[in-house]
Amino acid sequence: MRQIDTAARLSQVLAAEEQLYVELRDLLQHERECMLNLDADGLERAVEAKEAIAEEARLLEESRVEVARELARAVGVDEERPRLSLLCEALGASGAPLREQHSRLVALLGAVGELVEANASFAHEGLEQVQDTIEMLGRLLPQEPIYSGAAMPGAQRGTGRLVRSVA
């Protein structure tokens, strides 16, 4: 009975992790849209939301590891950090629901990883374009100043000197 209760608790933690990673996947897609639309405010909100999700993911991972250890002891698996696939195998037929959750979670983590990589690549390309533009604009600057107040003869200073200095 203890084994069934522990497996059910692990299933609950996995369901919460799955939901969290679905939220993260959606947020990463929104982040990409913000980058494409040059929406700095939306991008800032997305980063703040990602930080909150990362903290929640850390807490869920700690819960999953704790419950997985408990389940491992119940089914006779002697590992400090038991893998879900090993626990599912040890549970046999009764581990089928956990196996399905594990498969969905692995696929979801793969999708999240791809989105993270794609967004990082897109951001890096944008940064390179900005740096290239700054470098190009820097080469267009004259070596010496074109306009200088010191070049104006002193006799011409008086009424209207601002217009003559700028012109």
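**Exercise 1. Is glutamate 70 buried or partly exposed?**

Solution. Keep in mind that this is a predicted model.
- Step 1: look up the relative accessible area of glutamate 70, which is 16%.
- Step 2: compare that value with the cut-off, since buried means under 20% relative accessible area.
- Step 3: conclude that glutamate 70 is buried.

**Exercise 2. Find the salt-bridge partner of glutamate 70, and say which parts of the chain the pair ties together.**

Solution.
- Step 1: the partner is arginine 9, and the closest N and O atoms of the pair are 3.0 Å apart.
- Step 2: place both ends. Glutamate 70 lies in helix 2 and arginine 9 in helix 1, so this salt bridge joins parts that are 61 residues apart in sequence.
- Step 3: check the cover on the other end. Arginine 9 has a relative accessible area of 34%, so arginine 9 counts as partly exposed.

**Exercise 3. Describe the surroundings of glutamate 17.**

Solution.
- Step 1: find the residue. Glutamate 17 sits in helix 1, which covers residues 2–36.
- Step 2: judge its cover. Its relative accessibility is 3%, so glutamate 17 counts as buried.
- Step 3: list the company. Setting aside neighbours within four places in sequence, glutamate 17 touches Leu60, Glu61, Arg64 and Leu105.
- Step 4: pick out the charged pair. Glutamate 17 forms a salt bridge with arginine 64, with the closest N and O atoms 2.8 Å apart. Arginine 64 lies in helix 2 and glutamate 17 in helix 1, so the pair ties together parts 47 residues apart in sequence.

**Exercise 4. Where does arginine 81 lie, and where does its partner glutamate 61 lie?**

Solution.
- Step 1: confirm the pair. Arginine 81 forms a salt bridge with glutamate 61, and the closest N and O atoms are 2.6 Å apart.
- Step 2: locate the ends. Arginine 81 is in the loop between helix 2 and helix 3, while glutamate 61 is in helix 2, so the pair links parts 20 residues apart in sequence.
- Step 3: check accessibility. Arginine 81 counts as partly exposed at 47%, and glutamate 61 is partly exposed too, at 33%.
- Step 4: put the pair in context. The count for the protein comes to ten salt bridges, and Glu55, Arg58 and Glu62 are linked in a network of them.

**Exercise 5. Which elements give two or more residues to the largest nonpolar core?**

Solution.
- Step 1: start with the overall layout. The protein has five helices and zero strands, in the order α-α-α-α-α along the sequence.
- Step 2: turn to the core. The largest one has 27 residues, and those with the most contacts inside it include Leu10, Leu14 and Leu98.
- Step 3: name the elements. They are helix 1, helix 2 (40–75), helix 3 (84–91) and helix 4.
- Step 4: zoom in on one member. Leaving aside neighbours within four places, leucine 14 is in contact with Arg64, Leu84, Leu98, Gln101 and Leu105.
- Step 5: step back. Of the 167 residues, 26% count as buried, and residues 24 or more positions apart account for 60% of the contacts with a separation of 6 or more.

**Exercise 6. Which residues form a nonpolar patch on the surface with leucine 137?**

Solution.
- Step 1: locate leucine 137, which is found in helix 4 (residues 96–140).
- Step 2: check its cover. Leucine 137 has 46% relative accessibility, so it counts as partly exposed.
- Step 3: name the others. Met136 and Leu140 join Leu137 in the patch, and together the three have about 310 Å² of accessible area.
- Step 4: set this beside the whole. The accessible surface of the protein is about 11500 Å², and 55% of it belongs to carbon and sulfur atoms.

Technical notes. Residues are numbered from 1 along each chain as its sequence is written. This is a predicted model: local features need pLDDT of at least 70, side-chain atom pairs count only at pLDDT 80 or more; totals for chains, interfaces and linings use all residues. Side-chain values use heavy atoms; hydrogens and water are left out. Helices (H or I, at least four residues) and strands (E, at least two) are DSSP runs, numbered from the N terminus. Buried means under 20% relative accessible area, exposed over 50%, partly exposed in between (1.4 Å probe, protein chains only). Contact means heavy atoms within 4.5 Å. Patches are made of residues with over 30% relative accessible area and no salt bridge: like charges are joined within 9 Å, nonpolar side chains (Val, Leu, Ile, Met, Phe, Trp, Tyr) within 5 Å. Accessible areas come from the Shrake-Rupley method with a 1.4 Å probe; for residues, only the protein chains shown count as cover. A salt bridge is a side-chain nitrogen of Lys or Arg within 4 Å of a carboxyl oxygen of Asp or Glu. A nonpolar core is a set of buried Ala, Val, Leu, Ile, Met, Phe, Trp, Tyr and Cys residues joined through side-chain atoms within 4.5 Å.
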